[in-house]
Amino acid sequence: MIRWVIVIFLALMLISWFTPFLNKLGFGRLPGDFRFRLFGREWFIPLTTTLILSGVASLIARLL
């Protein structure tokens, strides 16, 4: 159980480090990434970006 917590923590750290770089490449502004205001807060649902990044991660995992 603790192993999964560590893996999730490290994955979140990597994502937060690479977010500015991915935004420069256009991720987060793809068709299918939803950004809207509700109850005075801005909400962001990156559906297309998530699918593309998980596909890339899957390809990398298969090659290793």
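User: How much area does the protein expose, and what share of it do carbon and sulfur atoms supply?
Analyst: The protein exposes about 6000 Å², and carbon and sulfur atoms supply 75% of it; accessible areas come from the Shrake-Rupley method with a 1.4 Å probe. The model is predicted: local features need pLDDT of at least 70, side-chain atom pairs count only at pLDDT 80 or more, and totals for chains, interfaces and linings use all residues. Residues are numbered from 1 along each chain as its sequence is written, and side-chain values use heavy atoms, with hydrogens and water left out.

User: Why is the protein called more spread out than a compact globule?
Analyst: The radius of gyration, taken over C-alpha atoms, is 14 Å, well over the 11 Å that the globule rule gives for 64 residues, so the protein is more spread out than a compact globule. That rule is 2.2 Å times the number of residues to the power 0.38. The C-alpha trace spans about 40 × 25 × 20 Å along its principal axes.

User: What share of the 64 residues count as buried?
Analyst: Buried residues make up 8% of the 64; the term means under 20% relative accessible area, exposed means over 50%, and partly exposed lies in between (1.4 Å probe, protein chains only).

User: Why is Phe-36 called partly exposed?
Analyst: Its relative accessible area is 35%, which lies between the limits of under 20% for buried and over 50% for exposed, so Phe-36 is partly exposed. Phe-36 is placed in strand 1; strands are DSSP runs of E with at least two residues, numbered from the N terminus.

Note on methods. Helix = DSSP H or I, 4+ residues; strand = E, 2+ residues; numbered from the N terminus.
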